[in-house]
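Open the model in your viewer and keep the selection tool at hand. Each stop below says what to select and what is there.

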Amino acid sequence: MDDNKIFLSESEMPQAWYNINPDLPAPLKPPLHPATGEPIGPEMLAPIFPMALIEQEMSMERWIDIPDDVMDVLKIWRPSPLQRAFRLEKELGTPARIYYKNESVSPAGSHKPNTAVAQAYYNKMEGVERITTETGAGQWGSALSFACQIFDIACEVYMVRVSFEQKPYRRLLMETWGGTCYSSPTDRTEAGRAILAENPDTPGSLGIAISEAVEDAVKHENTKYSLGSVLNHVLMHQTITGLEMKKQFAIADDYPDMIVGCVGGGSNFAGFTFPYMKEKMDGEREIEIIAVEPTACPTLTRGLYNYDFGDNAQMTPLLKMFTLGHKFVPAPIHAGGLRYHGAAPQLSLLVNQGVIEARAVQQQGVFEAALMFARTEGHLPAPETSHAIRVAIDEAVKCRETGEEKCIVIGYSGHGHFDLSAYENFLSGKLVDYALPQEEIDAARDYLCQWE
Ligand SMILES: *Cc1c(COP(=O)(O)O)cnc(C)c1O
């Protein structure tokens with residue numbers, strides 16, 4: 001088949017999300033209470049999440065139906081196209097077939113509305129009137145603002161300070177969709193005030209912003225908190241992308257030999273790849289699944305597989321995951337969405353079991369790949385997405401040398417229209433490579449050992 005785009009019709013869309021829990025190669029370790037270290041039950045999560053999402057978080061059902069009201073909203077942009085990167089292939093002179101599943105066509109320009117819409121819906125069903133959250137580069141805050149607007153819920157976003165200052169357009173997008181955005185740390189919460197007292201010039205971090213958003217939710221009536229990545233239910237909502245992709249590959253009469261995706265918390269990656277994981281683990285199909293992260297935040301490649309908090313103030317439950325430690329403050333690299341200290345427990349388990357391979361790449365190489373993609377395929381990728389493009393290009397170049405006709409799929413998580421200042425830095429030669437010093441990982445090992 002030599003079509004540029006493989007479309008599904010709306011009537012062919014998957015009707016249920018895929019929950020990988022029953023198919024994991026080992027049981028997930030339970031989340032632990034932040035103070036007692038004992039496994040927690042649903043009641044501990046009830047102050048911050050609606051019951052329906054808590055049930056999904058712990059569910060062992062393989063398929064969970066997508067409610068009609070969620071589907072109606074997803075259909076604004078779904079199904080998203082699976083595209084063949086013919087021009088990139090030609091530029092590389094590779095015998096590989098390169099595809100990308102294009103999630104940049106959503107209103108917010110990334111995969112994030114897939115879960116934002118579902119989460120806003122379940123909150124609405126349980127009478128929630130106000131949702132708090134954190135955002136790094138602003139993609140999650142804008143996706144949730146969009147979704148809350150549709151379901152008539154107030155959305156309050158704690159945005160990591162460095163991004164708040166560097167990326168005013170994302171904030172304006174949130175405000176356009178009716179959201180409210182604060183530069184975190186703020187003086188609105190105890191967690192924020194404590195950090196500001198200690199270090200008034202802090203660039204902020206996702207861990208700090210999460211502490212603020214959770215505290216705000218716990219202390220206000222009819223308010224819940226929402227997380228855009230990491231948790232099981234979030235990853236599950238994203239599986240619609242991989243499920244669509246499977247149907248599209250059937251239409252194209254092709255099958256991926258390799259899927260490459262970028263990892264921040266792990267949600268877009270899980271969405272593209274989890275629907276393929278069972279056939280890989282059962283040995284039905286040989287498929288390489290590669291998770292790509294920045295060398296500046298090498299959670300999966302160099303982090304510790306340990307229990308850790310999701311946030312800086314040690315308020316969230318402890319999750320067993322790959323982590324750089326909850327005190328991690330990332331270097332201000334340009335892939336804002338890939339700077340979280342942890343990674344999803346489900347994904348971490350699969351990396352730990354060797355089912356998924358992880359690689360880290362430097363940001364200059366990432367932007368070189370982004371530029372090549374933009375100049376061949378036209379679409380301008382997000383810096384996060386470009387991590388996956390970097391590895392896909394490297395693999396396609398290997399195919400040129402070996403003559404292998406591999407089918408390589410890029411999880412195209414979003415566009416880079418709000419990241420042009422990063423492109424400017426790259427084009428003017430100001431972008432430098434950076435790898436996390438080993439001392440910082442060793443320091444995390446020291447303070448995390450108490451939660452092993
Ligand atoms: C947020 C974001 C990511 C990283 O988050 P995950 O939960 O790992 O998917 C990657 N790409 C884009 C475009 C994003 O907006």
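Contact here means heavy atoms within 4.5 Å, and angles run from 0 to 180 degrees between N-to-C directions. With that in mind, select helix α16, residues 383–402: α16 lies across β5, β10, β11, β14 and β15, and runs at about 170° to β15. Keep in mind throughout that this is a predicted model.

**Stop 1: the sheet**

Now select the strands that α16 lies across, and add β1 and β4 to complete the sheet. In what order do the seven strands of this open sheet come? The order is β1-β4-β5-β15-β10-β11-β14, with mixed pairing. Strands of a sheet pair through backbone hydrogen bonds, in either the parallel or the antiparallel sense.

Look at the edges next. β1 (5–6) and β14 (357–361) each have a single partner strand, so one side of each has no neighbour in the sheet. For β14, select strand β11, residues 288–294, as well: the two pair in the parallel sense over five bridges. Ile290 stands opposite Glu357 in β14. Then add helix α12, residues 267–281, which packs on the sheet and touches β5, β10 (258–262), β11 and β15. The direction of α12 makes about 155° with that of β11.

**Stop 2: strand β5**

Select residues 97–102. Is this strand, β5, mostly covered or mostly open? Five of its six residues are buried. On one side, β5 pairs with strand β4 (residues 82–84) in the antiparallel sense over three bridges. Here Leu82 stands opposite Lys101. β5 also pairs with strand β15 (residues 407–412), in the parallel sense and over six bridges. In that pairing, Tyr99 stands opposite Val409.

**Stop 3: Lys101**

Stay in β5 and select Lys101. Why does Lys101 count as buried? Its relative accessible area is 0%, and buried means under 20%. Show its side chain: there is a polar contact with the side chain of Gln248, at 3.0 Å. Among the other residues that Lys101 touches are Arg78, Leu82, Glu244, Phe272 and Tyr412.

**Stop 4: Met13**

Move to the loop between β1 and β2 (16–18), where Met13 is found. Met13 is buried, with a relative accessible area of 1%. The residues it touches include Met71, Arg78, Ile240 and Glu244. Two of these contacts of Met13, Arg78 and Glu244, are also touched by Lys101. For a distant point, select Val162: Met13 and Val162 are 149 residues apart in sequence and 39 Å apart in space, C-alpha to C-alpha.

**Stop 5: helix α2 and its partners**

Two packed helices are described by the angle between their axes and the distance between the axes. Select helix α2 (residues 51–58) and helix α5 (residues 113–125): their axes come within 8 Å and cross at roughly 130°. The two helices are therefore oblique to each other. Ala52, Leu53 and Gln56 in α2 meet Gln119, Tyr122 and Asn123 in α5. By class, this contact has three nonpolar residues, three polar and no charged.

Leave α2 selected and swap α5 for helix α11, residues 232–252. The axes of α2 and α11 are 8 Å apart, at an angle of about 85°, and the helices are therefore roughly perpendicular to each other. From α2, the contact uses Leu53, Gln56 and Glu57; from α11, it uses Asn232, His233, Met236 and His237. Two of these residues are nonpolar, four polar and one charged.

Technical notes: Residues numbered from 1 in each chain as written. Predicted model: local features only at pLDDT ≥ 70, side-chain atom pairs only at ≥ 80, totals over all residues. Heavy atoms only, no water. Buried < 20%, exposed > 50% of the residue type's maximum accessible area, 1.4 Å probe, protein only. Helix = DSSP H or I, 4+ residues; strand = E, 2+ residues; numbered from the N terminus. Pairing = 2+ DSSP bridges. Polar contact = N/O pair within 3.5 Å; in protein donor to acceptor, adjacent residues only side chain to side chain. Parallel < 35°, antiparallel > 145°, perpendicular 65-115°, else oblique. Nonpolar A, V, L, I, M, F, W, Y, C, P; charged D, E, K, R; others polar. Lists of a residue's contacts leave out its neighbours within four places in sequence.
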